Amino acid sequence: MKKFLFLAMAALLVGTSMTSCKGGKSKADQVNDSIAELTGNFWGKQLKATFQFMPERFQGTDKDQLVKGIIDMVNMDTTQHDMSYMQGLQMGMQVYQQLAQLEAQGINVDRKLFINEFKKVLDSKDTLDMEKLEKEMQEMNGKMMAMIDRAQTIKGAENGEAGKKYIADQMKKDKDFKQTKSGIAYKIVKEGKGENFTDDDIVNVAYEGKHIDGRVFDSSNGKEVPFTMQGVVPGFSEVLKLMKPGSKVIAIIPGNMAYKERGDGRKIGPNETLVFEMTAGTAKKAPAQDSIAAPMPGRPMPGRPMPGRPAPGRPAPGKPAPAQPQKAPAQAK
């Protein structure tokens, strides 16, 4: 199979080189252009296949921004930078991901302050003592966790108040909204037919989830997705049980009925109120009780974690923390 793939690519390369000849270019340049086109074709098909066959890999991803990031890196002038710079970019990406994770938890990181402190430590003339450093890093790690908890508590309180105000405003503007005992505000846009869904049902639902400022954080893109009542955040399942096949509902779910005090560690902040537009299709009875909570095949469920995301209402695993230094190898005497 590998041999066949290699031969197919070689044939494509030959074909491309024949069609890419441009007047005035040397044979070497023509081959180089063919390689560039073939490589671009290969990576384009690879990404397109991922979007088509594994859409869950890029759930919630802005395709244009993804492509822009790739193009920005590809257009980098490698003749102006050596491998040290590339190593810096790789490490910078790790730092960026850590800061982005902090910001997903509602912690705004001042980039200028970060860079100033980073450079100050790196440029200092102090000599590090490994044993003392290890203890210091552990203390910093504990301090960081405590500060993150405090920041999340503060942000969670802010989000909670913002959510209450949003729900009150929506119910005042639109008298069709009703509120459950748990605090969920919902509006039945279209009545369904038949019986209400129950805990025993696997329901097909098309949905879109938004922040209260209107930004979309999750969507089934108009397609119905099957899921169990136990496979989503409690607010989502509570609303579903108010629905029947064919129902369409707009639901505003407070943070304590969604991702709770931790958020999802990715897009949803602590105690954040969420807005779901849900259209229910058909349903079928769930299998035996021991398999009800199992994730359905295919894309992630609304309110369920994306690949690598924490479960609803649970702390994000491995909160961002300073990297732990490795012990230096013992020196030979």
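Helix H6 covers residues 130–173. At 1.5 Å a residue, the 44 residues of H6 should span 64 Å, and the C-alpha atoms at the ends of H6 lie 62 Å apart, which agrees. The model is a predicted one, and this span is computed from it.

Along H6, the buried residues are Leu133, Met137, Ile148, Gln152, Gly156, Asn159, Gly160, Gly163, Ile167 and Gln170. An α-helix has 3.6 residues a turn, so residues three or four places apart point the same way. The cover over the buried residues of H6 includes helix H4 (83–104), strand E1 (178–179), strand E2 (185–190) and strand E6. Gln170 can serve as an example from this list. Its relative accessible area is 19%, so Gln170 counts as buried, the cut-off being under 20%. Apart from neighbours within four places in sequence, Gln170 is in contact with Phe177 and Ile252.

H6 is one part of a chain that holds seven helices and seven strands. Read from the N terminus, the order of elements is α-α-α-α-α-α-β-β-β-β-β-α-β-β. Of the contacts in the chain with a separation of 6 or more, 69% join residues 24 or more positions apart.

The strands lead to the nonpolar core. In soluble globular proteins, nonpolar side chains tend to be buried together. The largest nonpolar core here has 27 residues, and the members that touch the most others are Val205, Phe236, Leu240, Met243, Ile253, Phe276 and Met278. At least two residues of this core come from each of strand E3 (201–211), strand E5 (225–228), helix H7 (234–240), strand E6 (248–253) and strand E7 (274–285). E7 gives the largest share, four residues. Ile253, one of the core members named above, touches Ile184, Gly235, Phe236, Ala258, Glu272, Thr273, Leu274 and Phe276, when residues up to four places away in sequence are not counted.

The surface remains to be described. Of the 333 residues of the chain, 31% count as buried. The chain exposes about 22000 Å², of which carbon and sulfur atoms supply 57%. Nonpolar side chains also occur on the surface: Phe114, Ile115, Phe118 and Leu122 form a nonpolar patch there, and together they have about 390 Å² of accessible area. Leu122 lies in helix H5, which runs over residues 111–123. Because its relative accessibility is 59% and the cut-off is over 50%, Leu122 counts as exposed. Gln170 in H6, by contrast, is buried at 19%.

Conventions. Residues are numbered from 1 along each chain as its sequence is written. This is a predicted model: local features need pLDDT of at least 70, side-chain atom pairs count only at pLDDT 80 or more; totals for chains, interfaces and linings use all residues. Side-chain values use heavy atoms; hydrogens and water are left out. Patches are made of residues with over 30% relative accessible area and no salt bridge: like charges are joined within 9 Å, nonpolar side chains (Val, Leu, Ile, Met, Phe, Trp, Tyr) within 5 Å. Accessible areas come from the Shrake-Rupley method with a 1.4 Å probe; for residues, only the protein chains shown count as cover. A salt bridge is a side-chain nitrogen of Lys or Arg within 4 Å of a carboxyl oxygen of Asp or Glu. Buried means under 20% relative accessible area, exposed over 50%, partly exposed in between (1.4 Å probe, protein chains only). A nonpolar core is a set of buried Ala, Val, Leu, Ile, Met, Phe, Trp, Tyr and Cys residues joined through side-chain atoms within 4.5 Å. Contact means heavy atoms within 4.5 Å. The expected span of a helix is 1.5 Å times one less than its number of residues.
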